[in-house]
Amino acid sequence: MVRQAASTLLFEGSEWNFAMLSRAYDAIEEIAVGEMGLDVYPNQIEIVSSEQMLDAYSSIGMPLMYQHWSFGKRFVFENHLYRKGNRGLAYELVINSDPCITYLMEENTMPMQALVIAHAAFGHNHFFKNNYLFRQWTDAGAILGYMDFAKKYVAKCEERHGLRAVEEILDSAHALMDQGVFHYRRPPRLSPAKVTERARERLEYEEQTYSDLWRTLPTTDGSTGIEEAEREVLERKKALNLPEENLLYFLEKHSLILEPWQREILRIVRVIAQYFYPQGQTKVMNEGCATFVHYTIINRLFDQGRMSEGAMLELLASHANVVFQPGFSDPRYSGINPYALGFAMMQDIERICTKPTAEDKDWFPDFAGNGDGIGTLIEAWENHRDESFILQYLNPALIRKFRLFNLTDRATDRFCEVASIHDERGYSAVRAALARIYDPGANRPDIEVVDVNLLGDRQLRLRHMVKNGRLLEEVNRDATLAHVRRLWGYGVSLEGVDASTGAVLYACPSGEAAA
Amino acid sequence: MPNFIDRRLNPKDRSLGNRQRFLKRVHDELKRSIRDQVKSDKIADVDAAHGVPVPKRGADEPGFRHSIGSGERDHVLPGNETFSAGDRLKKPEAGGGGGGGRSAGRGEGDDDFVFVLSRDEVLDLFFEDLELPDMVKLNLKETVTYKPHRVGFTTAGTPSNINVGRTMRNSFGRRIALRRPRSKEFDDVVAAIAELEDEEQLSQPQRRRLLQLREELEALERRRKRIAYVDPVDVRFNRFERQPVPNACAVMFCLMDVSASMGEREKDLAKRFFVLLHLFLKRRYERIDIVFIRHTDEAREVDEDTFFFSKQSGGTVVSTALEEMQRVIADRYPPHIWNIYAAQASDGDNASGDSERCAELLRDELMKRCQYYAYVEIIDERESEIFGSTDNGTSLWRAYRTVDGAVPNFQMARIARPADIYPVFHKLFARHKVVQLRR
């Protein structure tokens, strides 16, 4: 007891050292795991300098990355902003891996380090480990090993085939990165052994069932020609598993001109794109979860008397900055702050569970007043992505608090129309509109490989399903098509089809710009 | 217990490879924009870090993206104060894109940013494949400064150069080899004698022993005298050899005609030429002096401002400037200490008969002292079409042509436009080729 009275504080002042970090970590873990019931990967906490943080920024947050000029460009850009003082660096960066790697900036004060450990090493970490998207799409245990392989492999290719050849392939692959993701099904995983096994089985089957008699059957002639052609196309498509939304995957498997190492590089880019796919869909939830966790933990630490008032004030100030949401007309406005929205929603869910209003009971009969805030949150974190989370949990009180309104913008009109606002009639509409904004399916251009005749002209046909009349930027589109052509080796055509009417809106024939 | 790792000590330049790849990728564009910046008026700042816009071409990363200007989209914005459902808001005029609509493109539209090339990177781009003719060779030939360097030992030298360690080592070895009595042996015998002498009464064996010891002591003393503690054969001196040191000082003479025929345009062109030469020398030498000599029908050494900006009227006698230069060299810049470079700019006008004298001065006097002499003639744009690079032209040009053929480190060229400077400069300092051809 005496000893406790002497030093209940975990740290004093702003200087930190590893002993303090370790003590703070243990105290935070006690609350996060013991009291909140979070479930996390083992943590690996790394202290980095600002330059190393910029490094990590520019290689899209990966601790290991192959070399490419675009990362150099990003570094130059981030460095420029940072040096001019336009942008501070993040206090931390966390990687979805097992063990979960968290970078802490050396400049952080000790209270900030504690906040950041709570935020990243427990908040994000819990989310990574438990959210269904991450569990389904990413393999946290293997990513570091894979990146190590990728880095070495690309370096080896550069050595063997020259910087230029590798750069060309990477350029093309990067251009298609957004189209290199399986959105709806888990990527097929066949080991090479399985593939050969399958081929062998098929061959055996054909041998067993071979009958010379079939060859003597008369072939159908002209009268049924059209039908035949259609059937052929169908069969062809089936054989190639068309339509295929993952262009990089299709090119990797079926391109006629790529060498094995080039296919492997496409695969590396594709795997990385796939790895980041869940992160793009869970920004609000991920940040909300981490912010909620750090907020809860620092308050608890303060209540336990383990943190001084000074430290608490510093953290609250920083927290307030993080969750600040300026209005649309504010010069500081740059979109909806995912920290603000996520944190506010999660705090409100907790409130609804413990102190529901009549409105809450109306809107959320299934959990309002159930008394188990953290349990409800843990379930939400596990089973939702941003779109479904907002659709399900955004409550009218918050819509009012943020004063959200929905603006419809048609390119053909000279005005925008306010479709709905934060009132009784508008709640559902605003909520649905906001959820749609976070739906990647609705916002990314939907481009598929629809057909290719490998035995004929080998032209690769792409189709863009145009939703709501939203076309592609033409310059970018043509440049990207040039990259597809480079990877495919033969003609590539793209046509834009209106998703609702089926009308062809534009077409880029294959001959065009065969650069 | 988590795993804490301190990464701060890791090697720093992890992204260097990426930066180099990036610079290489946009190399041509960067070179062009550096060249443009140098051409433009900020030429005095060449020798510094430069902000360059990252060129769009070569550094863009295309992808299938929705264009902002088509179709229908929904925005949800916070902070509504006055709107109610059904309100219509006028869009800002095309290109304005203010307010909320922009946020969608964050991270994508960031392509046109300015980034900083370090001074070295700038100069490398600027000076790429540029070199003074046979620069290195000339340097080595011309060096007359020597600095002594230690090279091993010698048996002869001045006392101040004695290497004590080496000398004592030799002496020690010799003493051991020749068995020079050590002082301990000596002391032992002396002590033994003293002990015996102290005895009141000496027994027979003791007396014999004393005699023996005295003889022994005598022998030791003799031996010690014969074998010196430090013998002249032990002595070693540090050996120094004079090694040539490359000369690290350069002086640059800027010679310019400031008579009325040289207008603003001509002076501007000349200035750029001088700056470029200066920059180049600055890269090679630790210390550079610049001497400005302007002339009409008489020449004077002036400061930089006067050189470029003050006006003077009079005729044109080019040789006065060369004489002035000769005087300054004799006065302050002895050629065995200084690397002398000269750049002369003129419109080619000269008093009749003087051009030959100039050529003579150059051939017989100045070129023997100069590392390099460059002459540019600033001509009218219309003239440039007529003359090209022929031998025809002003009397000065024709006279200098004779020098050009005779001396390898003399270069001359005509410039007419700001845009010409760089190519001329490039030609003047092109690697070996030109010079070798002329030999």
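These questions and answers cover a predicted model, starting with a strand of chain B and ending at the contact with chain A.

Student: How many residues of strand 12 of chain B are buried?
Tutor: Strand 12 of chain B spans residues 372–378. Buried means under 20% relative accessible area. The strand is mostly covered, and the count of buried residues is seven of seven.

Student: Which residues of strand 12 of chain B point the other way from B:Y372, B:A374, B:V376 and B:I378?
Tutor: In a regular strand, side chains alternate between the two faces of the sheet. Both sets in strand 12 of chain B are buried. Opposite the four named residues are B:Y373, B:Y375 and B:E377.

Student: In what sense do strand 11 and strand 12 of chain B pair?
Tutor: Strand 11 of chain B covers residues 339–346. Six bridges link it to strand 12 of chain B. One of the bridge partnerships joins B:Y341 to B:Y372. The sense is parallel.

Student: Which helix joins strand 11 and strand 12 of chain B in a β-α-β unit?
Tutor: The β-α-β unit is right-handed. Its helix covers residues 354–369 of chain B. That is helix 11.

Student: In strand 13 of chain B, what is the bridge partner of B:Y375?
Tutor: Strand 13 of chain B takes in residues 410–415. It runs parallel to strand 12 of chain B, with six bridges between them. The partner of B:Y375 is B:M412.

Student: What share of the residues of chain B count as buried?
Tutor: Chain B has 15 helices and 13 strands. Its exposed surface is about 24,100 Å², with 50% supplied by carbon and sulfur atoms. Of its 439 residues, the buried share is 42%.

Student: What share of the residues of chain A count as buried?
Tutor: Chain A holds 23 helices and nine strands. It exposes about 24,100 Å², and carbon and sulfur atoms supply 52% of that. Of its 515 residues, the buried share is 50%.

Student: What area do chain B and chain A bury between them?
Tutor: The size of an interface is often given as the accessible area lost when the parts come together. Here the contact takes 60 residues from chain B and 95 residues from chain A. Carbon and sulfur atoms carry 55% of the buried area. The total is about 7,300 Å².

Student: Which residue of chain A forms a salt bridge with B:R21?
Tutor: Chain B and chain A share ten salt bridges. A salt bridge needs the nitrogen within 4 Å of the carboxyl oxygen. For B:R21, the closest N and O atoms are 2.6 Å apart. The partner is A:E158.

Notes. Residues are numbered from 1 along each chain as its sequence is written. Chains are lettered from A and ligands numbered from 1 in the order in which they are written. This is a predicted model: local features need pLDDT of at least 70, side-chain atom pairs count only at pLDDT 80 or more; totals for chains, interfaces and linings use all residues. Side-chain values use heavy atoms; hydrogens and water are left out. Buried means under 20% relative accessible area, exposed over 50%, partly exposed in between (1.4 Å probe, protein chains only). Helices (H or I, at least four residues) and strands (E, at least two) are DSSP runs, numbered from the N terminus. Two strands pair if DSSP finds at least two bridges between them. A crossover is right-handed if, with the strands pointing away from the viewer, the path from the first strand over the helix to the second runs clockwise. Accessible areas come from the Shrake-Rupley method with a 1.4 Å probe; for residues, only the protein chains shown count as cover. Contact means heavy atoms within 4.5 Å. Buried area is the accessible area (1.4 Å probe) that two parts lose on being put together, summed over both. A salt bridge is a side-chain nitrogen of Lys or Arg within 4 Å of a carboxyl oxygen of Asp or Glu.
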